[in-house]
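Biologist: I would like to learn how to read helix packing and empty space in a model such as this one. Could we take the features in turn, beginning with the general idea each time?

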Amino acid sequence: MTQIPSQAMFTPKQVAIALGVSESSVKRWCDNGRLRAGRTAGGHRKLPMAAVVELVRKTGQEIADPAALGMVAVSARRKPSRVQDELYNALLAGNEAAVRELLLGLYQQGATVIELGDELVSPVFRRIGDGWQQGVVSVHEERRSCEVAMAVLHELRRWVPDAAADAPLAMAATPQRDFAEVPIRLVELLLLASGWRTLMAGSGLPVEEIVHAVRLRDPRLLCVSATHLEDADAYVEQHNRLLAPLGVPVIVGGGAFACDHAKAIKCDRFAAKLGDLAEWLDNQAAQSASEAAE
């Protein structure tokens, strides 16, 4: 077993209480690899939250006491696309507990990051954005919705296993004056779930700063998400002139790009949704596996 930090970890006894099983069962799962664990410097088993969630997602293991580990009490399995109205109303009301129950509960039950993003979060935020433009949603409701969603996504980030130390590094950013963090955080979650290490370069970055970050960190992939661009033509020109020649694979996406801009921008894939990015990542993984086998 690998050495792991002791903070934000659980003991086999705590996990046993949460799952309603014996402590010896949890230890046996650790020994046979069913449940990922590590040991402290003193030799005691410690189980990260992500490992427990992974077990629950893969096996459907029942949770007797969700609160014991900060998990979510869920009942019937639901599809992300079926709860859009619930998420919309919870976000506008600023009801973080309800948003947490929806998003974390769905993930806990096995929903993928792609499903959460493409079938639930993205459509709901498009609806909120349309409502703001039509005067149905106020500015403070839109901003509060973003804050609530981000709080839950940050927690979900701790539920996704970290990539291996030698995994390829992906960098993510949003362009200048685009401070929408929800889309880029979904990208981060998908990258992590796909086995990539991630580095959030920042939101609202001028193209020159993104170039600087790429040269400094030397990622194997750059993801740029744009929900808002003051001048899409100018961004595309800067992107093509400064980012494209860096020699790093670039994935671009976001609602700020019209069809013409999507065609004009130089990138390895224009991702209209998370599923497009996932497809590119799968292709890269397959290519790497093929090259390793030769």
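Modeller: Let us begin with a convention for helix pairs: angles under 35 degrees count as roughly parallel, and angles over 145 as roughly antiparallel. Please keep in mind throughout that this is a predicted model.

Biologist: What is the overall setting, and how many helices and strands does the protein chain have?

Modeller: The protein chain has 12 helices and 9 strands, and its C-alpha trace spans about 60 × 55 × 30 Å along the principal axes. For 294 residues, a compact globule would have a radius of gyration near 19 Å, and the 21 Å of the protein chain agrees with that.

Biologist: How should I read the packing of two helices, and at what angle do α6 and α12 pack?

Modeller: In general, two packed helices are described by the angle between their axes and by the distance between those axes. Here helix α6, residues 113-133, packs against helix α12, residues 274-293, at an angle of about 150°, with the axes 9 Å apart. Because angles over 145 degrees fall in that class, α6 and α12 are roughly antiparallel to each other.

Biologist: Which residues of α6 and α12 meet?

Modeller: Val113, Ile114, Gly117 and Asp118 of α6 meet Leu274, Gly275 and Ala278 of α12; by class, the residues of this contact divide into 4 nonpolar, 2 polar and 1 charged.

Biologist: How is empty space found, and what volume does the largest pocket have?

Modeller: The general idea is that rolling a probe the size of a water molecule over the atoms shows where empty space is left. In this structure the largest pocket has a volume of about 1,400 Å³, and of the 44 residues that line this pocket, the closest to its centre are Phe125, Ala180, Pro183, Thr227 and His228. Helix α6 returns here, giving the most to the lining of the largest pocket with 10 residues, while α12 is among the elements that each supply at least two. The lining of this pocket has 25 nonpolar, 9 polar and 10 charged residues.

Biologist: Which residues line the largest cavity?

Modeller: A search of the whole structure finds 1 cavity of 30 Å³ or more, and the volume of the largest cavity is about 30 Å³. Its lining is made by Leu153, His154, Arg157, Arg185, Glu188 and Leu189, and the elements giving two or more residues to it are α7 and α8. By class, this cavity lining divides into 2 nonpolar, 1 polar and 3 charged residues.

Note on methods: Residues numbered from 1 in each chain as written. Predicted model: local features only at pLDDT ≥ 70, side-chain atom pairs only at ≥ 80, totals over all residues. Heavy atoms only, no water. Axes fitted to C-alpha atoms, helices over the stretch in contact; angles between N-to-C directions. Helix = DSSP H or I, 4+ residues; strand = E, 2+ residues; numbered from the N terminus. Parallel < 35°, antiparallel > 145°, perpendicular 65-115°, else oblique. Contact = heavy atoms within 4.5 Å. Nonpolar A, V, L, I, M, F, W, Y, C, P; charged D, E, K, R; others polar. 1 Å grid on protein atoms, 1.4 Å probe; cavity = no way out; pocket = protein on both sides within 12 Å on 5 of 7 lines; lining within 4 Å. Points joined across faces, edges and corners; volume = space filled by probe spheres on them. Rg over C-alpha atoms; globule rule 2.2 N^0.38 Å.
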